[in-house]
Amino acid sequence: MTKGGSIRRALFVVAALATATTAAGQSANRTRVVDDDLMCARAAHSTIQSALDAAQPGDTIRVCAGTYIEEVFIRTPLTLVARPGAIVRGFILVLADDVEINGLVIDVLGNRPAGITVEVTQRTVIRNNTVFNGTNAGIEVFESDDTLV
């Protein structure tokens with residue numbers, strides 16, 4: 001074998017190992033689909049919370065039209081996007097940095113003061129949501145930096 005062939009082979013092996021290491025170290029962001037009756041295309045979750053519990057940082061949770069009666073706790077950096085007709089009857093509590101919530105209708109149940117509460121986070125974006133029936137405010141933000149409502 002020639003010296004040039006050995007060097008090329010060594011470089012190929014190093015490049016292959018670097019690619020494998022990078023691919024193993026990074027998880028691809030996924031879109032997880034939620035539908036209360038599992039009729040929406042690619043829906044694997046019937047509740048928002050089950051999709052959130054399965055989510056990895058950077059994932060997108062897409063909520064199909066339907067009514068979701070649940071308390072939603074967001075503990076992972078992600079994007080929660082609703083299709084028209086998606087209604088949460090309950091509330092949402094954001095406890096993670098780098099969360100975006102977009103397009104939900106929230107009908108606050110019980111004695112909750114707000115439909116969406118953001119607590120001690122950074123870089124939260126809440127846009128295009130409708131909240132009603134809260135006892136105090138639609139959206140509350142506590143001790144959170146760089147929050148856009």
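Me: Before anything else, what does buried mean here?
Reply: A residue is buried when its relative accessible area is under 20%. Over 50% is exposed, and partly exposed lies in between.

Me: And how much of the protein chain is buried?
Reply: Of its 149 residues, 36% are buried. Bear in mind that this is a predicted model.

Me: What about the surface, how much area does the chain expose?
Reply: About 8300 Å², with carbon and sulfur atoms supplying 54% of it.

Me: How many helices and strands are there?
Reply: The chain has two helices and 12 strands. In sequence order the pattern is α-β-β-α-β-β-β-β-β-β-β-β-β-β.

Me: What share of the contacts is long-range, say 24 or more positions apart?
Reply: Such pairs account for 35% of the contacts with a separation of 6 or more.

Me: On to the open sheet. What is its strand order?
Reply: S2-S1-S3-S5-S7-S10, six strands with parallel pairing. Strand S2 (43–45) and strand S10 (125–127) are the edge strands, each pairing on one side only. On average, neighbouring strands in this sheet are turned by 25° against each other, direction ignored.

Me: How many bridges hold S7 to S10?
Reply: Three, in the parallel sense, with S7 covering residues 100–102. Glu100 stands opposite Val125 of S10.

Me: Does Glu100 come up elsewhere, I mean which side chain does it meet in a salt bridge?
Reply: Arg127, at 3.5 Å from N to O. Glu100 is in strand S7 and Arg127 in strand S10, so the salt bridge ties together parts 27 residues apart in sequence.

Me: Are those two buried or partly exposed?
Reply: Glu100 is partly exposed at 22% relative accessibility, and Arg127 is partly exposed at 35%.

Me: How many salt bridges in the whole structure?
Reply: Four. One of them joins Asp59 and Arg32, whose closest N and O atoms are 2.9 Å apart. Asp59 sits in the loop between helix H2 (48–54) and strand S3 (60–63), and Arg32 in strand S1 (residues 31–34), so this pair also ties together parts 27 residues apart.

Me: Buried or exposed, that Asp59–Arg32 pair?
Reply: Asp59 has 1% relative accessibility and counts as buried. Arg32 is buried too, with a relative accessible area of 9%.

Me: Which residue does Arg123 meet in a salt bridge?
Reply: Asp98, with an N to O distance of 2.5 Å. Arg123 belongs to the loop between S9 and S10 and Asp98 to the loop between S6 and S7, 25 residues apart. Arg123 is partly exposed at 37%, and Asp98 is partly exposed at 35%.

Me: Different spot: where is Pro77?
Reply: In the loop between strand S4 (66–74) and strand S5 (79–82). Pro77 is partly exposed, with a relative accessible area of 27%.

Me: Which residues does Pro77 touch?
Reply: Leaving out residues up to four places away in sequence, Pro77 touches Gln56, Pro57, Gly58, Asp59, Ala96, Asp97, Asp98 and Val99. For Gln56, which is 21 residues away along the chain, the C-alpha to C-alpha separation is 7.8 Å.

Me: Last one, what does S9 pair with?
Reply: Strand S9 (residues 116–119) pairs with strand S6 (residues 86–94) in the parallel sense over three bridges. Four bridges join S9 to strand S12 (residues 139–142), also running parallel.

Me: And which residues stand across from Thr117?
Reply: Leu93 stands opposite Thr117, and in S12 the bridge partner of Thr117 is Glu140.

Terms used. Residues numbered from 1 in each chain as written. Predicted model: local features only at pLDDT ≥ 70, side-chain atom pairs only at ≥ 80, totals over all residues. Heavy atoms only, no water. Pairing = 2+ DSSP bridges. Axes fitted to C-alpha atoms, helices over the stretch in contact; angles between N-to-C directions. Buried < 20%, exposed > 50% of the residue type's maximum accessible area, 1.4 Å probe, protein only. Contact = heavy atoms within 4.5 Å. Areas by Shrake-Rupley, 256 points an atom, 1.4 Å probe, with all protein chains shown as cover.
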